[in-house]
Each structure stands twice: as structure tokens, then as C-alpha cells.
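Hi,

Here is the structure I promised to pass on. Have a look at it first, and then read my notes underneath.

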Amino acid sequence: MRYFITATVSLFLYDSRSVSAEFNLNFQPQTGTAVVASVANIDCFTGAGGGMMGHGGGGMMGMGGCGTDTTPFLQQVVRDAAGNQYYHVIIGDPARGSNFAQEVYIQTAASGTACWFGCANARVGGMMGGGGGMMGMGNGPAPLTASAGSAQNDRSPLSATEAVSGNGTGNPARVHMRQINNETGFGQEFLKARDAFKPKITQTITTTEMSSVFSVGMDTIGYSTNNVSAPIINTLVINNPNIPAGAANFDIAKFTATRNVTAGKYTYVLGAGDGGSFGTYTYVGGNFDVYGMEWASFCSPAQNTVSGCTAFGGGGGMGGGMGGGGMGGGM
């Protein structure tokens with residue numbers, strides 16, 4: 001279950017009518033009144049356990065604990081100061097040495113109409129659907145989010161059919177998130193600090209032979225704007241005494257008059273999916289078809305020995321809850 005949630009997490013997850021008070025992206029759980037009781041809450045992060053008494057009012061993992069995967073993992077339904085609900089998901093923990101870590105807040109879809117399980121109009125049947133099941137134990141429903149996907153995505157989390165997996169479908173203006181990927185000599189951060197604005201992406205490489213810095217700050221550009229170029233840093237220094245000083249260096253700032261920066265020049269038009277998901281991206285320069293990705297190519301069998309990136313278990317009532325509505329979507 002934890003794997004398919006991870007596999008469908010949104011990377012670039014608009015609704016200008018939604019006023020939000022974004023949470024800090026610090027890889028920390030929310031606590032107290034910010035946490036909404038939900039059967040979808042899972043805590044394999046704080047050590048409080050994932051059962052009915054787990055963090056944030058218990059949750060699904062009461063059915064089987066946190067399993068053998070020791071990766072810090074947290075999923076909560078939370079509420080911001082403006083009253084918006086989000087799914088909050090953390091994978092990895094830099095404080096415990098995780099070189100890769102990701103924290104996502106994705107808004108839930110309109111409440112009161114349907115949910116994944118735990119309400120009268122639940123999309124997933126069985127033990128947790130139809131308003132019964134876990135609801136009788138005092139937990140709230142698992143709401144939909146601003147992403148698409150189906151109730152079969154727990155068995156096909158890497159499906160290239162996004163209507164099944166939910167991958168790539170999220171409404172980008174209803175999410176804020178942070179992802180780090182660090183190794184010796186290499187650092188990368190994807191930071192989308194506000195729902196309504198695009199991300200800032202930074203990458204640094206430092207070795208004995210060379211050093212480079214790349215940064216593109218799209219974080220003041222909204223999703224209906226395609227005529228503003230993002231500030232960009234792109235420098236490269238080759239450390240080789242046999243090359244004349246400065247001859248091997250590059251700095252894009254020296255080419256202001258001739259460079260053509262298209263970073264940030266794209267728009268997102270709301271789609272017909274939950275919360276405006278499954279929309280259309282339009283680029284001023286070039287193109288990227290997020291709905292044409294082969295998601296399985298991102299999965300390494302050597303790192304996923306149980307599934308082999310091909311065989312995924314089904315959780316019955318759990319199927320589709322997180323990938324399709326709870327966490328699915330992105331890019």
C-alpha cells in the first residue's frame with residue numbers, strides 16, 4: 001500500500017477562487033487541530049504507529065501496521081488557516097539521513113459530494129466504502145483531491161493510462177511541495193512554496209573537475225501567465241590547469257542580449273477531473289506531454305524487490321483511494 005501511494009505522488013501538482021494559507025515545507029507532521037480525523041491518515045513517520053490510535057485520528061494502517069519498509073512515511077488529512085483541506089504526505093526524512101525526501105500538500109476536492117471511502121457516495125465499495133466500514137469506528141472519510149485516477153490504481157500504479165494511475169493528472173495550482181535529492185557533490189531541490197505559483201528548481205554539482213549551478217525561479221509566475229520569463233542562473237566552471245583561465249567557464253548572464261529563456265512560459269487550463277485536474281498544459285517554446293509518459297521507466301526493480309515494478313497487491317476497499325483521489329496526479 002505504501003508503495004503505490006509513493007508511486008503516484010504528484011510532482012507538479014488552478015483554481016484562482018481558492019484562497020489558501022500554505023503550510024511550511026519542513027518535513028514535519030502537522031499536529032493538533034490542523035489534523036482532520038480521517039480513515040486515510042497513516043503514520044509510519046513519528047513512531048506513533050499507523051493503527052486506529054495512530055497520529056491524526058488513526059487510519060488505514062490499523063489493518064496491517066507499517067510493514068517492513070523502514071522509509072519514513074506520513075499521510076494526513078489537514079486543514080489550513082483558511083479552512084482548505086489538504087492531503088499532507090511526507091516520504092523520507094532529512095533529519096534521519098534521507099538523501100531523497102518529498103513533502104506534498106495537495107488540496108482536496110469539493111467536500112460534501114463524494115469521497116474515496118467512508119461516505120454515502122464513496123467511489124470505492126467494500127469494507128471502507130458506502131458510508132460504512134471504518135466510519136463506524138470514529139474516523140472521518142477519505143476525501144477526493146485535485147487529481148484523477150481510478151479505483152484500480154493500487155494494482156496499476158505505474159500504468160501509462162493516466163485515467164487509471166492518476167499520474168500526471170493533478171491540478172498544479174492546488175498543491176505546494178518540496179523535494180530534495182542530495183548526494184556527495186550533488187544537490188537538487190524542487191520547491192513549490194505556494195499553490196497558485198510555479199516552482200523554483202535548483203541544482204548544484206561540485207567535483208574536483210568542475211562545478212555548476214543551475215536555478216530557474218518560476219515562483220512568482222501564475223498558471224494563467226505565459227509571457228514572463230523566469231529568472232535563471234546557469235554557470236559552469238571547469239577546474240583544469242591546462243585550460244587558459246576563463247576559457248572553459250560559462251555564465252548565461254553574459255548572454256542577456258541573445259538568450260531566449262522560455263522557462264515559466266506555459267499555462268494550465270482546468271480539466272474535467274476532480275478539482276480541475278486532468279487539464280491542459282500549453283507551452284510557448286517546445287512541448288512536454290505529461291500524459292504520454294512511461295511511468296514504469298522510473299521504477300527500479302533492484303530497489304523494489306517485492307513488486308519487481310510489475311506485481312502490485314490490491315487492498316480491496318483501499319484500491320484507488322490514494323492514487324486516484326488521495327495522492328494521485330502531478331507534473
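Below is what I found, going through the disulfides, the salt bridges and one serine.

One thing up front: this is a predicted model, so please read everything here as computed from it.

Disulfides first. There are 2 of them in the structure. One is formed by Cys115 and Cys119, with the sulfur atoms 2.2 Å apart. If you like torsions, the angle about the S-S bond is -115 degrees, which makes the link of Cys115 and Cys119 left-handed. Cys115 has a relative accessible area of 3%, so it is buried. Cys119 comes out at 16% relative accessibility and counts as buried too, because the cut-off for that label is under 20%.

The other disulfide joins Cys299 to Cys309, and here the S to S distance is 2.0 Å. Both cysteines sit in the loop between β15 and α3 (321–326), so the bond ties together parts that are 10 residues apart in sequence. The link of Cys299 and Cys309 is left-handed, with -80 degrees about the S-S bond. Cys299 and Cys309 are each buried.

Now the salt bridges. The count is 3.

- Asp93 with Arg96: the closest N and O atoms are 2.7 Å apart. Asp93 is buried, at a relative accessible area of 6%, whereas Arg96 is partly exposed at 48%.

- Arg123 with Asp274: here the closest N and O atoms are 2.8 Å apart. This pair links distant parts of the chain, 151 residues apart: Arg123 is in the loop between β6 (115–117) and β7 (142–143), and Asp274 is in the loop between β14 and β15. Arg123 is partly exposed, with a relative accessible area of 40%. Asp274 has 17% relative accessibility and so counts as buried.

- Glu189 with Arg178: the side chains meet at 2.9 Å, N to O. Glu189 belongs to strand β9 (residues 186–192) and Arg178 to strand β8 (residues 175–183), so this salt bridge ties together parts that are 11 residues apart in sequence. Glu189 is partly exposed at 25% relative accessibility, and Arg178 is partly exposed as well, at 23%. Neither counts as buried, because that label needs a value under 20%.

Last, the serine. Where is Ser277 in the chain? You will find Ser277 in the loop between β14 (266–269) and β15 (280–283). Asp274, the salt-bridge partner of Arg123, is in the loop between β14 and β15 as well. Is Ser277 buried or exposed? Ser277 has a relative accessible area of 0%, so it is buried.

What does Ser277 touch, leaving aside its neighbours within four places in sequence? Its contacts include Ala146, Ser147 and Ala148. Thr169, Gly170 and Asn171 are also in contact with Ser277. The rest of the list is Tyr268, Gly271 and Ala272. Of these, Tyr268 falls within the residue range of β14 (266–269).

If you open the model in a viewer, you could begin with Arg123 and Asp274, the pair that links distant parts of the chain, and then go on to Ser277 in the loop between β14 and β15.

Cheers

Terms used: Residues numbered from 1 in each chain as written. Predicted model: local features only at pLDDT ≥ 70, side-chain atom pairs only at ≥ 80, totals over all residues. Heavy atoms only, no water. Helix = DSSP H or I, 4+ residues; strand = E, 2+ residues; numbered from the N terminus. Buried < 20%, exposed > 50% of the residue type's maximum accessible area, 1.4 Å probe, protein only. Contact = heavy atoms within 4.5 Å. Salt bridge = Lys/Arg side-chain N within 4 Å of Asp/Glu carboxyl O. Disulfide = S-S within 2.5 Å.
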